[in-house]
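Colleague: I am new to this structure and would like a close look at one part of it. Please choose a part of the interior, go through it step by step, and then say how the surroundings relate to it.

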Amino acid sequence: MRALPDTSVLIGASSPGELEGAISAASLAELHFGVLVASSDDERARRSQRLGIVEATFDPLPVDAAVAREWGRLAAAVVARGGKPRRRAVDLVIAATANVHQVPLLTWNVKDFTLLADLVDVRKPSR
């Protein structure tokens, strides 16, 4: 595994099946949520299709005790630096998963991790 794509990368990829690596179970949860809250039947079908591709392509990395400990460390750092970790709780779980597995986090939302630039290796994916 070279990197861990977050949910924004899984959604934004023209073909998620072409991505390499692994995903966090938290990204899978976000994708399931997205299907359930879709605003139209067409959007729900599009999201369901993408979810099916992601589920067939990746075995998600679990949110286990090591990830929970790292999430706690990252969330505490956000608070210490004046941020609000609850606003990005799932993003922090995904970042914690990347840290535990010692790989960069790929995201289109790099600015969301500015407070943690020294604690998480965050990168924009190559197109």
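**The core and its surroundings**

Modeller: Setting aside neighbours within four places in sequence, L4 touches A22, I23, S24, L61, I94, T97, A98, V103, P104, L105 and L106. This is a predicted model, and every value below is computed from it. L4 also belongs to the largest nonpolar core, a set of 21 residues. The residues with the most contacts inside that core are L4, L74, L92, A95, L105, L116 and V120. Helices α4 and α5 each contribute at least two residues to it. The greatest contribution comes from α5, with 6 residues. A second core lies apart from this one; it has 8 residues, including L10, L31, L51 and V54. In general, nonpolar side chains of soluble globular proteins tend to be buried together.

Since α5 gives the most to the largest core, that helix is the part to follow. Helix α5 covers residues 89-100, which makes 12 residues. From its first C-alpha to its last it reaches 16 Å, close to the 16 Å expected at 1.5 Å a residue. The helix is largely enclosed by the rest of the structure, because 9 of its 12 residues are buried. Those buried residues are D91, L92, V93, I94, A95, A96, T97, A98 and N99. Three of these names, I94, T97 and A98, have already appeared among the contacts of L4. What covers the buried residues of α5 includes the strands β1 (4-5) and β2 (105-106). The cover also includes the helices α1 (7-12), α2 (25-36) and α4 (65-80). Just after α5, Q102 has a positive phi of about 55°.

One of the buried residues of α5 carries a charge pairing. D91 forms a salt bridge with R88, with the closest N and O atoms 3.4 Å apart. D91 counts as buried because its relative accessibility is 13%, under the 20% cut-off. R88, at 40%, is partly exposed. Salt bridges with shared partners join R88, D91, K111 and D112 into one network. In general, side chains of opposite charge can pair when their charged atoms come close.

The search of the whole structure finds 9 salt bridges, and helix α3 (residues 41-57) holds D41 and R44, whose side chains meet in one of them at 3.0 Å, N to O. D41 and R44 are 3 residues apart, so about one helical turn separates them. D41 is exposed, at 63% relative accessibility, while R44 is partly exposed, at 29%. E43 and R47 form another salt bridge, with their closest N and O atoms 2.8 Å apart. These two also lie in α3, 4 residues apart, about one turn of the helix. Here E43 is buried, with a relative accessible area of 18%, and R47 is partly exposed, at 29%. Residues three or four places apart in an α-helix point the same way, because there are 3.6 residues a turn.

Helix α2, part of the cover over α5, also has a residue on the outside. F33 is located in α2 and counts as exposed, at 55% relative accessibility. Together with L36 and V37, F33 forms a nonpolar surface patch with about 340 Å² of accessible area.

Methods. Residues are numbered from 1 along each chain as its sequence is written. This is a predicted model: local features need pLDDT of at least 70, side-chain atom pairs count only at pLDDT 80 or more; totals for chains, interfaces and linings use all residues. Side-chain values use heavy atoms; hydrogens and water are left out. The expected span of a helix is 1.5 Å times one less than its number of residues. Buried means under 20% relative accessible area, exposed over 50%, partly exposed in between (1.4 Å probe, protein chains only). Contact means heavy atoms within 4.5 Å. Patches are made of residues with over 30% relative accessible area and no salt bridge: like charges are joined within 9 Å, nonpolar side chains (Val, Leu, Ile, Met, Phe, Trp, Tyr) within 5 Å. Accessible areas come from the Shrake-Rupley method with a 1.4 Å probe; for residues, only the protein chains shown count as cover. A salt bridge is a side-chain nitrogen of Lys or Arg within 4 Å of a carboxyl oxygen of Asp or Glu. A nonpolar core is a set of buried Ala, Val, Leu, Ile, Met, Phe, Trp, Tyr and Cys residues joined through side-chain atoms within 4.5 Å.
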